[in-house]
Amino acid sequence: MRAPKQISIGDQEIDLEKAVAAALEKILTPVAEAICEIERIRRKEYLTEKEAALLFSLSAATLKTQRSRGGGPVYIKIGNRALYSRRELQQFISSRNNSY
């Protein structure tokens, strides 16, 4: 038995294929955009504070606090922006995980 392609709700005819396609697009578009953003960030050698926080599941506030206290991952300052080497961040996180 095949499922109907259209259903009636009240006085409206709804095309199920179009409704499902629209719902999936609405749900999946933000997911696809987030994945593209993460992949764009992964290809960069130097990351902003926000990018580093996003990619490594860290808090941007934690990175800022660690910088002000003289700890945390190595960073370079260009103007008023702190940039983190992706490799240095990976090493910092690995060293923290192995110390417990």
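**Salt bridges, sheet and surface of the predicted model**

A salt bridge joins R42 to E39, with 3.4 Å between the closest N and O atoms. The structure described here is a predicted model, and this pair is a convenient place to enter it. Because R42 and E39 are three residues apart in helix α1, about one helical turn separates them. Both partners fall in the middle class of exposure: R42 counts as partly exposed at 48% relative accessibility, and E39 counts as partly exposed at 32%.

Helix α1 holds a second pair of this kind. The side chains of E37 and R40 meet in a salt bridge of 2.7 Å, N to O, and these two residues of helix α1 are likewise three residues apart, about one turn of the helix. E37 is partly exposed, at 32% relative accessibility, and R40 is partly exposed as well, with a relative accessible area of 36%. The pair does not stand alone, for E37, R40, K44 and E51 are linked in a network of salt bridges. In total, the count for the model comes to seven salt bridges.

Another salt bridge reaches between helices. K64 pairs with E49, the closest N and O atoms being 4.0 Å apart. This pair links distant parts of the chain, with K64 in helix α3 and E49 in helix α2, 15 residues apart. The two ends differ in their surroundings: K64 is partly exposed at 47% relative accessibility, whereas E49, with a relative accessible area of 16%, is buried because that value is under 20%.

Helix α1, which spans residues 16-42, also contributes to the surface in a nonpolar way. V20, L24, I27, L28, V31 and I35 form a nonpolar patch on the surface, and together they have about 550 Å² of accessible area. One of these residues, V31, lies in helix α1 and is partly exposed, with a relative accessible area of 43%.

Turning to the strands, the model has an open sheet of three strands in the order β3-β5-β4, paired antiparallel. β3 (46-47) and β4 stand at the edges with a single partner strand each, so one side of each has no neighbour in the sheet. As a reminder, strands of a sheet pair through backbone hydrogen bonds, either parallel or antiparallel. Between strand β4 (residues 75-78) and strand β5 (residues 81-85), which run antiparallel, there are four bridges. Across this pairing, K77 stands opposite A82 in β5, and I78 stands opposite R81 in β5. The hairpin of β4 and β5 has two residues between the strands, and G79 in this hairpin takes a positive phi near 65 degrees.

The same two strands lead to the aromatic residues. A search of the whole structure finds one aromatic pair. The pair is formed by Y75 and Y84 and is tilted, with 6.0 Å centre to centre and 50 degrees between the planes. Y75 is partly exposed, with a relative accessible area of 32%, while Y84 is buried, with a relative accessible area of 0%.

Next to Y84 in the numbering comes S85, which is placed in strand β5. S85 is buried, with a relative accessible area of 15%. Apart from neighbours within four places in sequence, S85 is in contact with E45, Y46 and V74. V74, in turn, is found in the loop between α3 and β4, and beyond its own neighbours within four places, V74 is in contact with Y84, S85 and E88. The C-alpha atoms of V74 and F92 are separated by 8.2 Å, although these residues are 18 residues apart along the chain.

F92 appears again in the surroundings of Q66. Not counting residues up to four places away in sequence, Q66 touches G71, G72, P73 and F92. Q66 sits in helix α3 (residues 60-69) and is partly exposed, with a relative accessible area of 22%.

Finally, the loop between α2 (49-55) and α3 contains S57. The phi of S57 is near 55 degrees, a positive value in a residue other than glycine. S57 is exposed, with a relative accessible area of 69%.

Definitions and conventions. Residues numbered from 1 in each chain as written. Predicted model: local features only at pLDDT ≥ 70, side-chain atom pairs only at ≥ 80, totals over all residues. Heavy atoms only, no water. Buried < 20%, exposed > 50% of the residue type's maximum accessible area, 1.4 Å probe, protein only. Contact = heavy atoms within 4.5 Å. Pairing = 2+ DSSP bridges. Patch = residues over 30% accessible without salt bridge, like charges linked within 9 Å, V, L, I, M, F, W, Y side chains within 5 Å. Areas by Shrake-Rupley, 256 points an atom, 1.4 Å probe, with all protein chains shown as cover. Phe/Tyr/Trp six-rings, centres within 6.5 Å; stacked < 30°, edge-to-face > 60°.
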